[in-house]
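Welcome! Please open the structure in your viewer, and keep the selection tool ready for a short walk through it.

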Amino acid sequence: MEEDKQTSSAATSPNTGSVEEVGAPVEFDAAKAQEERMSAAREVLRAFMAVMKNIRLFNKEHSQVQTQRKILLDRLNKFLDAYGDLDFELEAIQILYLGISIHQVNRPMENPFFVLFQEGVRNIVFQPDLSEGEIDLFIESIAESNKINATEDNAVTRLWEADL
């Protein structure tokens, strides 16, 4: 009866010059991966809030708004490329991602998505095939919702009409 022999080989790492075992299992740190994903979702939300803050102060063509918009698009696209759909759960005073609060406020009006929550929206899902025009429409719909009269369409109606 032959004895099972496991062989391994070694290779020199080009980055460190150290010898590493080839074929050695790489340990996956699920907690670290989860935190990286949560952090990326927070960064997208922070970028969105920066755009909203600037769009209230300046018109949408202002250089500061455009700079923040580019940052938002970059972070959102990086998230979508890395993780797929970004699904925010909305509550009156907090925004959750994967069931964990990533943004909490003292008053509902401080919640950047409160206008949508108030109109019955409980989830916002950004998908990888989202266009820049759709993101712009989303931003403008929320920004305009604070300025409209009761007789004008609300943010949800504008998004629904745009098939978002």
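Which residues line the largest cavity? Select Val44, Phe48, Leu72, Leu76, Phe88, Phe126, Ile135, Phe138 and Ile139, and you have its lining. A cavity here is a set of points, on a 1 Å grid over the protein atoms alone, where a 1.4 Å probe fits but cannot get out; lining residues have an atom within 4 Å of a point.

**Before going further**

You are looking at a predicted model, in which local features need pLDDT of at least 70 and side-chain atom pairs count only at pLDDT 80 or more, while totals for chains, interfaces and linings use all residues. Residues are numbered from 1 along each chain as its sequence is written, and side-chain values use heavy atoms, with hydrogens and water left out.

Colour the chain by pLDDT, the predictor's confidence in each residue, from 0 to 100. The chain average is 83, and 73% of the residues score at least 70. Now select residues 1-16: their pLDDT is below 50, and beyond near neighbours in sequence this stretch has 16 contacts in the model. Contact means heavy atoms within 4.5 Å.

**The whole chain**

Switch to a cartoon view and follow five helices and six strands. Starting at the N terminus, their order is β-β-α-α-β-β-β-α-β-α-α. Helices (H or I, at least four residues) and strands (E, at least two) are DSSP runs, numbered from the N terminus. Of the 164 residues, 30% are buried, where buried means under 20% relative accessible area, exposed over 50% and partly exposed in between (1.4 Å probe, protein chains only).

**Back to the cavity**

How much space lies in the largest cavity? About 60 Å³, a volume counted as the space filled by probe spheres set on the grid points, which are joined across faces, edges and corners. Colour H1 (30-57), H2 (63-83) and H4 (132-145), since each of these helices supplies at least two residues of the lining. H4 gives the largest share, three residues. By class, the lining has nine nonpolar residues, no polar ones and no charged ones. Ala, Val, Leu, Ile, Met, Phe, Trp, Tyr, Cys and Pro count as nonpolar; Asp, Glu, Lys and Arg count as charged; the others, Gly among them, count as polar.

**Along two helices**

Select H1 next: its 28 residues reach 41 Å from first C-alpha to last, close to the 40 Å expected at 1.5 Å a residue. The expected span is 1.5 Å times one less than the number of residues. Buried residues of H1 include Met38, Ala41, Val44, Leu45 and Phe48. Show what covers the buried residues of H1: H2, strands S3 (86-90), S4 (94-97) and S5 (100-104), and H4 are included.

Move to H4, where Ile135, Phe138, Ile139 and Ile142 are among the buried residues. The end C-alpha atoms of H4 are 20 Å apart, which agrees with the 20 Å expected for its 14 residues.

**Last stop: Asn54 and Gln68**

Is Asn54, in H1, buried or exposed? Asn54 is buried, because its relative accessible area is 11%. Leaving aside neighbours within four places in sequence, Asn54 is in contact with Gln64, Val65 and Gln68. Try a distance label: the C-alpha atoms of Asn54 and Val65, eleven residues apart along the chain, are separated by 5.5 Å.

Finish on Gln68 in H2, which is buried with a relative accessible area of 15%. With neighbours within four places in sequence left aside, Gln68 is in contact with Ala50, Val51 and Asn54.

Terms used. 1 Å grid on protein atoms, 1.4 Å probe; cavity = no way out; pocket = protein on both sides within 12 Å on 5 of 7 lines; lining within 4 Å.
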